[in-house]
Amino acid sequence: MAFLHQNRFTASDFEAAPPPTPKVPATLEAIIAAEPLIDVALNSYGRCRRRQRWFAYESGKRELSRLVGWEAKNPALRTSAHWDIVVSALAKRLGV
């Protein structure tokens with residue numbers, strides 16, 4: 001008769017799962033409430049001349065990537081939906 005391998009692991013052999021991150025609705029107001037520095041960053045960009053707008057847009061995206069999107073400090077804001085909303089707000093502010 002063949003030997004059947006039995007699982008010898010116990011619950012103490014595994015690390016506990018991290019607590020779930022709170023959900024942030026995908027609206028600009030909720031995102032700003034979760035991370036107020038996004039509002040400060042967005043307000044630092046205003047209308048500029050046509051040639052400078054794309055430089056400002058790229059600069060703004062780099063600055064915002066630390067606050068929202070896959071590289072965000074806050075795990076609740078690490079989604080592409082949150083990123084799209086904030087970058088759309090930046091583009092609208094710059095007139096891109």
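Start by selecting Gly 95: just after α4, this glycine takes a positive phi of about 75°. You are looking at a predicted model, in which local features need pLDDT of at least 70, side-chain atom pairs count only at pLDDT 80 or more, and totals for chains, interfaces and linings use all residues. Residues are numbered from 1 along each chain as its sequence is written, and side-chain values use heavy atoms, with hydrogens and water left out.

Step back from Gly 95 and colour helix α4, residues 80-94. Helix labels here follow DSSP runs numbered from the N terminus (helices are H or I, at least four residues; strands are E, at least two). The 15 residues of α4 reach 21 Å from first C-alpha to last, close to the 21 Å expected at 1.5 Å a residue; the expected span is 1.5 Å times one less than the number of residues.

Now show the side chains of His 82, Val 86, Val 87, Ala 89, Leu 90, Ala 91 and Leu 94, the buried residues of α4. Buried means under 20% relative accessible area, exposed over 50%, and partly exposed in between, with a 1.4 Å probe and protein chains only. What lies over these α4 residues? The cover includes α1, α2 and α3.

To see part of that packing, select Leu 64 in helix α3. Leu 64 has a relative accessible area of 1%, so this residue is buried. Setting aside residues up to four places away in sequence, Leu 64 touches Ile 38, Ala 41, Leu 42, Trp 83, Val 86 and Leu 90, where contact means heavy atoms within 4.5 Å. Try a distance label too: the C-alpha atoms of Leu 64 and Val 87 are 8.1 Å apart, although 23 residues separate them along the chain.

Stay in α3 (residues 50-64) and pick Trp 54 and Tyr 57. A search of the whole structure finds one aromatic pair, and here it is: the ring centres of Trp 54 and Tyr 57 are 5.7 Å apart and their planes stand at 90°, so the pair is edge-to-face. The rule takes rings of Phe, Tyr and Trp (its six-membered ring) with centres within 6.5 Å; planes under 30 degrees apart are stacked, over 60 edge-to-face, and the rest tilted. Trp 54 and Tyr 57 are three residues apart in α3, and therefore separated by about one helical turn. Tyr 57 counts as buried because its relative accessibility is 14%.

Next, select Glu 58 and Lys 61, whose side chains meet in a salt bridge (3.6 Å, N to O). A salt bridge needs a side-chain nitrogen of Lys or Arg within 4 Å of a carboxyl oxygen of Asp or Glu, and by this rule the count comes to one. Glu 58 and Lys 61 also sit about one helical turn apart, being three residues apart in α3. Glu 58 is partly exposed at 36% relative accessibility, and Lys 61 is partly exposed at 22%.

For a contrast, move to Glu 35, in the loop between α1 (28-34) and α2 (37-43). Which side chain of opposite charge is nearest to Glu 35? That is Lys 73, 6.7 Å away, and the buried Glu 35 has no salt bridge. For charge, Lys and Arg count as positive and Asp and Glu as negative, with His and the chain ends not counted. Beyond neighbours within four places in sequence, Glu 35 is in contact with Leu 67 and Leu 77.

Finish at Ala 34 in helix α1, partly exposed with a relative accessible area of 30%. Ala 34 touches Val 24, Asn 74 and Leu 77, not counting residues up to four places away in sequence.
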